[in-house]
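Work through the exercises below with the sequence and coordinates open. Each task is followed by a solution in steps.

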Amino acid sequence: MNLCPVCEQGSLVEFRVVKTRRYLRCPVCEATVMDESCRLSPDQERDIYRLHDNDPSDPGYRKFLSKLADPLLERLPPGATGLDFGCGPGPALARMLEAEGMVVSLYDPCFYPSQTALSRTYDFITCTEVVEHLYEPAEVFRQLDQLLKPGGWLGVMTCFQTDDDRFDNWHYRRDPTHVVFYRESTLALLAEKFGWVMEIPRKDVVLFRRGSQTGH
């Protein structure tokens, strides 16, 4: 049985093959997952990540990140502590949040592999353009849930998958480091699984709020 790595409930079934890449679909959460055999090597992945031009001073990039930053800041108290999880080589979002008085730690397995950052709990965690890269999403979401204080916020930005007819030519699919695609229904099921309250304040942005009690 090929268990869905997102919800850990459904058994993945054939979805389609696009050129040399094979994709599977979870009938429970509706996530689309690239088959393991089609993944890049770790070195190939890192080479692509190093090409990302995430300049914190780039106005266009800051505007893109504000889709998540603005609604998140509306919900955070002054001086909240946060973690930019998967921040990449240029932690622009962290700098934007710090400019608004937030205290932000950084973690990225390639560029900021700080285990200290994963040993604390936070008022908020951001994941911008991260979750589509995860080989084991459920394990990472479980980890993030444990890193959040009760009542804390998890902000996720990823392109939601909506139209199967456009999947083959979808720009998001063409990135070979993107191995998981989420529908709104996928994210809603994750919220239910972890006892989070879910909001979608902007296109391709979801905010999860952890339960106010330690055990939700």
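## Exercise 1: Salt bridges

Task: State how many salt bridges the structure holds, and describe the pair K149 and D123.

Solution. The model is a predicted one, and it holds 14 salt bridges. A pair qualifies when a side-chain nitrogen of Lys or Arg is within 4 Å of a carboxyl oxygen of Asp or Glu. For K149 and D123 the closest N and O atoms are 3.7 Å apart, and the pair therefore passes the cut-off. Next, locate the partners: K149 is in strand β7 (residues 148–157) and D123 is in strand β6 (residues 122–128), so this salt bridge ties together parts that are 26 residues apart in sequence. Last, check accessibility: K149 is partly exposed at 31%, and D123 is partly exposed at 23%.

## Exercise 2: Two further pairs and a network

Task: For the salt bridges R166 with D163 and K203 with D204, give the N to O distance and classify each partner as buried, partly exposed or exposed.

Solution. Step one is the distance. The closest N and O atoms are 3.4 Å apart in R166 and D163, and 2.9 Å apart in K203 and D204. Step two is the classification, where buried means under 20% relative accessible area and exposed means over 50%. R166, at 63%, is exposed, while D163, at 29%, is partly exposed. K203 is exposed at 63%, whereas D204 is buried at 7%. Step three is to look for linked salt bridges: E8, R142 and K193 form such a network.

## Exercise 3: Positive phi outside glycine

Task: Find where K19 and E30 lie, and give the phi angle and accessibility of each.

Solution. Start with K19, which is not a glycine yet has a positive phi of about 55°. K19 sits in the loop between β1 (13–18) and β2 (21–25), and its relative accessible area of 79% makes it exposed. Then take E30, also with a positive phi, about 70°, and not a glycine. E30 belongs to the loop between β2 and β3 (32–34). At 33% relative accessibility, E30 is partly exposed.

## Exercise 4: Cysteines

Task: How many disulfides does the structure hold? Check C26 and C127 individually.

Solution. A search of the whole structure finds zero disulfides. For C26, the nearest cysteine sulfur belongs to C7 and is 3.6 Å away. The cut-off is 2.5 Å, so C26 is in no disulfide. C26 is also buried, with 1% relative accessibility. For C127, the nearest cysteine sulfur is that of C87, 11 Å away, and C127 is in no disulfide. C127 is likewise buried, at 1%.

## Exercise 5: The surroundings of R183

Task: Where is R183, is it buried or exposed, and which residues does it touch?

Solution. First, place the residue: R183 is in the loop between β8 (180–181) and α6 (184–194). Second, classify R183: its relative accessible area is 15%, and it therefore counts as buried. Third, list the contacts. Leaving aside residues up to four places away in sequence, R183 touches R25, E30, Q161, T162 and D164. Among these, the side chain of Q161 makes a polar contact with the side chain of R183, at 3.2 Å. E30, another contact of R183, is the residue from Exercise 3 with a positive phi of about 70°.

Conventions: Residues numbered from 1 in each chain as written. Predicted model: local features only at pLDDT ≥ 70, side-chain atom pairs only at ≥ 80, totals over all residues. Heavy atoms only, no water. Helix = DSSP H or I, 4+ residues; strand = E, 2+ residues; numbered from the N terminus. Buried < 20%, exposed > 50% of the residue type's maximum accessible area, 1.4 Å probe, protein only. Polar contact = N/O pair within 3.5 Å; in protein donor to acceptor, adjacent residues only side chain to side chain. Contact = heavy atoms within 4.5 Å.
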